[in-house]
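The following paragraphs lead through selected features of the structure shown here. They begin with a loop and end with the interior.

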Amino acid sequence: MIKAIIKSFFSYLPLMALSKGHRFVLCYHDISEPSSEHHSPLYSTPIDTFKSHISFLKKHFEIISLNEILGPGLDYKKNYLSITFDDGFKSVHDIAWPILKANKIPTTIFVNKSAIEQDQLWVSNIVSNEKDSIKKINALLSPESINIEDTNYFLKLLDNFKEAFLGLPSAFKERIYMNSSEIKSLQKEKVTIENHSLNHCVLSQINQDSLQKEIDDNHQYIKHTFNISSKHFAIPFGKKEHYNETVLKSIYKEHKHVYTTNPNKLDSSDQLIPRIVLTNESLKDLQFYFNRALLKRTHL
Ligand SMILES: [Zn+2]
């Protein structure tokens, strides 16, 4: 009850109008109609919600690219924001980008080879097919259920999932991730493509060889396919239990900037770049997220 009152109070405080010189990075996944086959409250944003977010954000922020928001020369009298997408959903090409382009908003997409080449990102495919799947996924991803010495971690995990979700379709009727030509067409319009690992494993749970492969092979794939040397890496899942010192060391070999999903504002002392993940938030929720980030740091 008290929490609800505090939340409601902070949802109305126009902190962003009073306090300037702040930077935020947002993370979306899929933008789609709730009626679409793959739409999931866990990672999807309805189209109308996305449009309302964009007009709200345009009012409160100067929306710039990742390289600009991390670079020098920003005006401390303004608030800045960058928009990113994880996993490379096809809806970013079909729906989100046309909306952003019409509003002259730049964006970055963190991609995985397995999604682009096989239209498979095990976690998303399974998540959207089962109502209480989040509980099952959390149980399967808990450290006790995973043997970290197991070199076949990914395959084993997939088997575990198949067992847990027996009878569910392993793929959707229609392709849900962008293929390489769709990504190339976005690149021509100055959308930037960066690294989100090969298979979207929990990087803190795999052995050193698999870890390096997850990071480097996707880096090489992006280089060969899209002709860019990725300098930005978004940690799959992105919470503190999904990375550790070894993971970060491996990422920093080839990448300069590493992104989490800790919902904070970006401070100049940050080693890791925090991002606020959004799905179907109302504008009041959105305001609350920004206010909360301005008032305190969280580490989810
Ligand atoms: Zn992801």
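Lys-104 is found in the loop that links helix H5 (90–102) to strand E6 (108–111); helices (H or I, at least four residues) and strands (E, at least two) are DSSP runs, numbered from the N terminus. The model is a predicted one, in which local features need pLDDT of at least 70, side-chain atom pairs count only at pLDDT 80 or more, and totals for chains, interfaces and linings use all residues. Residue numbers start from 1 along each chain as its sequence is written.

Most residues other than glycine have a negative phi. Lys-104, however, has a positive phi, near 55 degrees. Lys-104 is exposed, with 8 other C-beta atoms within 10 Å; a residue is exposed if 12 or fewer other C-beta atoms lie within 10 Å of its own, buried if 20 or more do, and partly exposed in between, with C-beta atoms placed from the backbone. In the loop between helix H10 (180–188) and strand E7 (192–195) lies Lys-190, whose phi is also positive, at about 75 degrees. Lys-190 counts as exposed, with 10 C-beta neighbours inside 10 Å.

The interior may be considered next. The largest nonpolar core, a set of buried Ala, Val, Leu, Ile, Met, Phe, Trp, Tyr and Cys residues joined through C-beta atoms within 7 Å, has 55 residues. Phe-24, Leu-26, Val-92 and Leu-203 have the most contacts inside this core. Its largest share, five residues, comes from strand E1 (residues 23–28). Leaving aside residues up to four places away in sequence, Phe-24 touches Leu-81, Lys-265, Leu-266, Ile-276, Phe-290 and Ala-293, where contact requires C-beta atoms, placed from the backbone, within 7 Å.

Terms used: Two residues are in contact if their C-beta atoms, placed from the backbone, lie within 7 Å.
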